[in-house]
Amino acid sequence: MAANPLLTAQQALAAGRLADAANLIEARLRTAPQDAATLHLKGLLEFKRGYGAAAVATLEMASRRAPQNVVIFGDLGRVQAAQGAFSDAAASFRRALAIDPAALSEREDLGTALCCLEQLEEGAREYEAVLRRAPKRAGTMLRLARVRVQQNRSEEATKLAKEAMRIEPRAAGKANFMLGQAAMNEARYADAERDFTRAIDAGETSAETLIWRARARFRQENLEPAFADAQAAAKRPGSGGEAELLAARIAAQRGDIAAAVALGKAAVALKPASFRTRWFAANLLAPVLEREADVEPERARWREAVTAFAADLRLDTPERINEAAAAAQETSNFHLHYRGVENRREQELYGGVLTRIAAARWPALAQRPERDGSPRAGGRRPRVGFISAYFHEHSIWKTHSAWITASSREIEKYVYYAGRRDEAGYTDLVRAAADHWRHELNPAKLAPLIADDRLDVLIYLDHGMVLDLQLVAALPLAPVQANGLGHPITSGMPSFSHALTSARMEPADGDRHYSEKLVRLSGSASAYGWARLARQLEATPPAREERDPSRVRFLCAQNLSKYLPQHDLLLARIAAELPAAEFHFLGENAGRIERLRQRLGLAFASLGLDPARHLRFHGTLRPAGFFRLNLDSDVFLDGILWSGNNTAHEAIACGLPIVTWPGPEMRGRHALAFLGMMGLEETVAADADGYVALAVALGRDAEHRRHLRGKIEARRTAVYDDPGPIADLERFVTEQAETRD
């Protein structure tokens, strides 16, 4: 019996003998050019050869010749999905299922296509339908587990992954991978690293698995092994630039911005059409600067990249919209602000991109709701929403929670919590003060939830600090949307109508720094609580050892990103005039600490000083250790151009004299406000020389330091629990609610 040429071609195709398959297919098409089965094989051959568009066209032709062939529609959908055309793929899978509803592979692949379109619940329903027919299908369980991770339903994902591994032990690699993803979702990064390692040990050595383990290690600040994983992933097929991009982020976190930029360029070269890759590469910014001369070239590079990104940004398909939205929620220009220069123009450029993406992602929410101006006439209180991811032990809770907990019942408070941690003494206090508490981590659910509450005013307490909320913030979800300036940077977004600032901190010309309309709340704009500080001071343990009385301790408690190269020499000058000086820094990761240590070391060495004699780095301290360091210090050296807010409040609680040199923007004038509220402005410098002179004078005069401590302890009540800002906030909310459009 003669061999079936189509069967032989199919076998050759499956074995990878593409030339043999091509010869057989071409021979068949010469005699039967419209044969659906042959066209089907030709389409699969074209796909295997990398001709995706041609494969789609051929398979579409085959489907027209055989409109009841489930397999052809299924393969067409899979090729379309591989091309990223998930909407077309979903349509093809639906055609297949219309022919045969029991086609499990096509139903499963339909679920995957829907998930790629971010229609997660619809995709999950397809997976569940497959599992009802085939309850022991481990692969489908793992796909459903992935969806549950994306939906922040980690407990369900964990159960599904464990059950898949029980049913099919050979799926241990993929199941452990999903367990790692669920752990990442719950911020259990050590557990995630363990699970990803188990997946790798079980043979799941793909680039994706290595990338995820690198992310788990990155989150734990284990930068060297994270970098090694990212580099290893880059050598495997399927990385698609993602490994290079992650390696770039790790290098930037270490402070090696030259390596980060080079790796970012490599990632873009691998995926030049990817908006996400280009967005990541544009926002690779050094946490700790090496030289002041780097500032303008970095800003110019950033502006050029983001301007090009904005010009090329096409949001005309669901796939492009989803990719852009994912990029906007994964990185930001956060470190661009720590350069000592105004960034309003840059923020407006950045905010314009996010506004376009948000409007495409949620078109129904892109128009600002109108104000009816009649809450009281309608028998209701003005509705104000407060949104934050930091209603736990965090600086934002300390500076801004009183806006919720201390405000009166004259306003109806809707509180939206986008964070994971629930802490006694913090989260519960905010929850108890809320009229309506909404805990939602998923931006896609949070945005319509806020809109449905029909607020009069919506206040973001920490805009610019939370990646997941960037796009939500670009939507005008209330008639009045205010930037609470927990991160004291203008939003640059038209969605924000107002910015709530401090009357004492804001300079007279402060309006020019903001795209929003300024609302100056009295005092520091905060009602920072004294009772919690008092309890923490009372609980602070005694010093472990007696300190050297011949040394003078200057506390430099700011985030290391706030220390700029142009000010390094000021510390060295203080040490040159005061050889007993020690400068005590905190730091969140070893790479940044080492970068700053090296940079400061050069400044000290330039004056003939031994850096090791003067510089001390403590790493991250828990509250007890932090307050112990404050109590054991002699002078608080405020950050220059970016002042301390929380750190200054806490230094004052410890009676620590503060030397500050106010900057031209609000973020450089926090300590100035607090000292003014206490009537203790004698340690406010007018210029760099004054900053050095005040520090040296205080360092030399222990008696004057004791005198200042006494004054601070006697007057610090003026700084804490100030009711003025709360009254101003309520007045603002009421006035805005009563105003008609």
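Buried means under 20% relative accessible area. That cut-off serves the views below, which show a predicted model.

**View 1. Asn-283 sits in a loop between two helices.** The loop runs between helix H17 (275–282) and helix H18 (295–312). Asn-283 has 6% relative accessibility, so this residue counts as buried. A polar atom of the Asn-283 side chain lies 3.0 Å from the backbone oxygen of Trp-279. Beyond residues up to four places away in sequence, Asn-283 touches Trp-302, Thr-331, Ser-332, Asn-333 and Tyr-350.

**View 2. Five aromatic residues form a cluster through ring pairs.** The members are Phe-275, Trp-279, Trp-302, Phe-309 and Tyr-350. Two of the names return from the first view: Asn-283 touches Trp-302 and Tyr-350. Trp-279 returns as well, through its backbone oxygen, 3.0 Å from a polar atom of the Asn-283 side chain.

**View 3. Phe-196 and Trp-212 make a tilted aromatic pair.** By the ring-pair rule, the count for the model comes to 20 aromatic pairs. In this one, the centres are 6.3 Å apart and the planes meet at 35°. Phe-196 belongs to helix H12 (residues 189–201) and Trp-212 to helix H13 (residues 207–219), so the pair ties together parts that are 16 residues apart in sequence. How does burial differ between the partners? Phe-196 has a relative accessible area of 0% and is buried. Trp-212 has 21% and is partly exposed.

**View 4. Phe-275 and Phe-309 meet edge-to-face.** Their ring centres are 5.7 Å apart, with 70° between the planes. Phe-275 is in helix H17 and Phe-309 in helix H18. The pair links distant parts of the chain, 34 residues apart. Both residues are buried. Both also belong to the cluster of the second view.

**View 5. Two arginines lie over tryptophan rings.** The charged end of Arg-215 sits over the ring of Trp-212, 4.5 Å from its centre. That ring is also paired with Phe-196. Elsewhere, Arg-431 lies over the face of Trp-437. Here the distance to the ring centre is 5.4 Å.

**View 6. The largest nonpolar core has 73 residues.** Those with the most contacts inside it are Trp-403, Ile-450, Leu-458, Ile-459, Leu-477 and Leu-500. Helix H20 (residues 344–361) gives the largest share of this core, five residues. A second, separate core has 34 residues, including Tyr-563, Ala-572, Ala-581 and Phe-585.

**View 7. Leu-500 has contacts with residues well beyond its sequence neighbours within four places.** Among them are Trp-403 and Ile-459, two residues that also rank with Leu-500 for the most contacts inside the largest core. Others include Ala-482, Asn-483, Gly-484 and Leu-485. Val-519, Leu-521, Leu-729 and Phe-732 are in contact with Leu-500 too.

**View 8. Leu-485 and Glu-118 have positive phi values.** Most residues other than glycine have a negative phi. Leu-485 has a phi of about 60° although it is not a glycine. Its place is in the loop between strand S5 (480–483) and strand S6 (498–502). Leu-485 is at 6% relative accessibility, so it counts as buried. Glu-118, also not a glycine, has a phi of about 65°. Glu-118 lies in the loop between helix H7 (104–116) and helix H8 (120–133). Buried or partly exposed: which is Glu-118? With a relative accessible area of 36%, Glu-118 is partly exposed.

Conventions: Residues are numbered from 1 along each chain as its sequence is written. This is a predicted model: local features need pLDDT of at least 70, side-chain atom pairs count only at pLDDT 80 or more; totals for chains, interfaces and linings use all residues. Side-chain values use heavy atoms; hydrogens and water are left out. Helices (H or I, at least four residues) and strands (E, at least two) are DSSP runs, numbered from the N terminus. Buried means under 20% relative accessible area, exposed over 50%, partly exposed in between (1.4 Å probe, protein chains only). A polar contact is a pair of N or O atoms within 3.5 Å; within protein, one must be able to donate a hydrogen and the other to accept it, and residues adjacent in sequence count only if both atoms are side-chain atoms. Contact means heavy atoms within 4.5 Å. A nonpolar core is a set of buried Ala, Val, Leu, Ile, Met, Phe, Trp, Tyr and Cys residues joined through side-chain atoms within 4.5 Å. Rings of Phe, Tyr and Trp (its six-membered ring) pair if their centres lie within 6.5 Å; planes under 30 degrees apart count as stacked, over 60 as edge-to-face and the rest as tilted. A charge sits over a ring if NZ of Lys or CZ of Arg is within 6 Å of the ring centre and within 35 degrees of the ring normal.
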